[in-house]
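Colleague: I should like to understand how the terms used for a structure follow from its computed values. May I put some questions to you?

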Amino acid sequence: MGCSPPADQKVFRRLAIFAGSFSLDAAIAVAGEKADDWDIIDALGRLIDKSLVTAEAGEQPRYRLLETLRLYAMQELTANGESEIIAERHARYFTDAFARSDALWEIAAEVQWLKVYRPEIDNARAAPELGAGPIRGRAHVAVTLAGTATLLWQTLALFAEGRRYVDRVLPLVDGTTPAVDEARLLRGAGSLWYNYDRLRSLAQHERSAALYRQIGDRLNLATVLSSIGSLYASLGRNTEAKAALREAEGILSSSDRKRSLFNVMNNLGTLAGFMNEVDEARHSFARALELARSVKDVSRESYILMNLAEVEFVLGSVDRAVALAQDAVRGLRSTGRRSFLVLGLINLGSYLILRGDLAEGRSVAEEALSAASEEGGFVVRVCLQQWALLGALGGQYAEAAQLLGFVDAGYAASGDVRQPNAQQIHNRLLGLLATELPGADIHAYAARGTRWSEAEARGFRRRSPSFAG
């Protein structure tokens, strides 16, 4: 860079703040000064000509520094005393960018939403490091950026990383944090913990709802109430679930938040299914399906098919449930929405196993467990319960009892209730074990499983030849 003009050197070192690729608008906002957009564009062009910056082709061009050059540029940024101010500009730019993500998510096709926000994930990852900086005000920026970016982790099904991300930022919240920023971060954190630790997720959502009530933000309150209602339902607190969901429905019905209203109607349908209110379940799912189609959301259309399959299963129409679940899984595969696909595979696997199609059920259960491992928690427990039944059906009763011990301990700790297909898997497994093993042996084997971590339980299933088929 020694022979480059000082202006180019300044732009080059400032571009080091971008983790991964960046857009032209981002480069102008972060590396430039007021009213010098064309100066930044010209400097960027010269840096590309010198191979100091790489241009990536696409409908919306993006740029990046090779990692070795980025490390050098970062040293220069620090040496020139600019690292703090440029880091804060970077965070504020992406805070503003992600602040618009919720509104777009409500009405746009998911592929369009991801086209805008997926490329920015590396830049969103910078929030925890920003909060660790020496300037106190940057912690507030970090909280805001992390809160607005959590939807990206959810949509990409990067749950484990997302949980680590928010857990590093939550300690930055203090008495000076604006309520709206704390509420948004807690809402995102609760969503990322939803299937792993329901009680933790509920506490975070309830705190978020209290803050949204305090500041009078009814639309975001309704979105949080939808999640709270779903969590109450999963914990068997059906009366509280219905109250939360009806309040959310009342707020959102006259709004343009179509995906949030979809979630409410889907959750009302699921709750009605738990309560054996079949007509109400179908009515709510039909409304949710309309909303999914209005935003051209194939993944959510397929999700509704999955839930309608569960209604058929409850009614005893197992063949119809299998057919609907197969359609749902095909649709979910086409969208790449992994978190929804996991649930579809779990339900389909359960129906096949309970119908006696063990070979196909085993294949689906294998894929489900593999896909569930990233999210962990509840979905892994449900998958391992399927494998416990498959083991018992294959005569491996001791191994099945150990897995059952792990699964039951997880349900007891989380407070979760089993949905109908999972309850039938559990009942069938208990019946087989009671027929084939003395009660004392079942208890002893299960006690081993209660001491396992999730990784140990998955490893046991993987290593044990009894589950190989």
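Modeller: Let us begin with the lining of the second largest cavity in this predicted model. Helix H20 (338-355) and helix H21 (358-372) each supply at least two residues of that lining. The largest share, three residues, comes from H20.

Colleague: Which residues line the second largest cavity?

Modeller: The lining consists of Ala157, Phe159, Arg338, Ser339, Val342, Ala371, Ala372, Glu374, Glu375 and Val379. By type, six are nonpolar, one is polar and three are charged.

Colleague: What makes this space a cavity?

Modeller: A cavity is a set of points where a 1.4 Å probe fits but cannot get out. The second largest one has a volume of about 50 Å³, and the structure holds three cavities of 30 Å³ or more. Rolling a probe the size of a water molecule over the atoms shows where empty space is left.

Colleague: Why is the contact between Arg62 and Glu120 called a salt bridge?

Modeller: The closest N and O atoms of Arg62 and Glu120 are 2.9 Å apart. The cut-off is 4 Å between a side-chain nitrogen of Lys or Arg and a carboxyl oxygen of Asp or Glu, so the pair qualifies. Arg62 lies in strand E3 (residues 62-64) and Glu120 in the loop between helix H7 (110-117) and helix H8 (121-124), so this salt bridge ties together parts that are 58 residues apart in sequence. Both Arg62 and Glu120 are buried.

Colleague: How do you know that Arg187 and Asp102 form a salt bridge?

Modeller: Their closest N and O atoms are 3.6 Å apart, which is within the 4 Å cut-off. Arg187 belongs to helix H12 (residues 179-192) and Asp102 to helix H6 (residues 101-107), so the pair joins parts that are 85 residues apart in sequence.

Colleague: Why is Arg187 called buried?

Modeller: Its relative accessible area is 11%, and buried means under 20%. Arg187 is therefore buried. Asp102, at 16%, is buried by the same rule.

Colleague: What makes Glu247 and Arg213 a salt bridge, and are they buried or partly exposed?

Modeller: The closest N and O atoms of Glu247 and Arg213 are 3.0 Å apart, which again is within 4 Å. Glu247 is in helix H15 and Arg213 in helix H13 (residues 198-215), 34 residues apart. The relative accessible area is 30% for Glu247 and 45% for Arg213. Partly exposed covers the range between 20% and 50%, so both residues are partly exposed.

Colleague: How many salt bridges does a search of the whole structure find?

Modeller: The search finds 34. Some residues are linked in a network of salt bridges, namely Glu110, Arg259, Asp297, Arg300 and Arg337.

Colleague: Why is Asn238 called partly exposed?

Modeller: Asn238 has a relative accessible area of 22%. That value is not under 20% and not over 50%, so Asn238 is partly exposed. Asn238 is placed in helix H15 (residues 238-252). Leaving aside neighbours within four places in sequence, Asn238 is in contact with Ala233, Leu271 and Met275.

Colleague: Which residues touch the most other members of the largest nonpolar core?

Modeller: In that core of 91 residues, they are Leu15, Phe18, Phe22, Phe98, Leu152, Trp153 and Ile228. Apart from this core lies another, of 55 residues, including Phe313 and Leu437.

How values were computed: Residues numbered from 1 in each chain as written. Predicted model: local features only at pLDDT ≥ 70, side-chain atom pairs only at ≥ 80, totals over all residues. Heavy atoms only, no water. Core = buried A, V, L, I, M, F, W, Y, C linked by side-chain atoms within 4.5 Å. Buried < 20%, exposed > 50% of the residue type's maximum accessible area, 1.4 Å probe, protein only. Helix = DSSP H or I, 4+ residues; strand = E, 2+ residues; numbered from the N terminus. Contact = heavy atoms within 4.5 Å. 1 Å grid on protein atoms, 1.4 Å probe; cavity = no way out; pocket = protein on both sides within 12 Å on 5 of 7 lines; lining within 4 Å. Points joined across faces, edges and corners; volume = space filled by probe spheres on them. Nonpolar A, V, L, I, M, F, W, Y, C, P; charged D, E, K, R; others polar.
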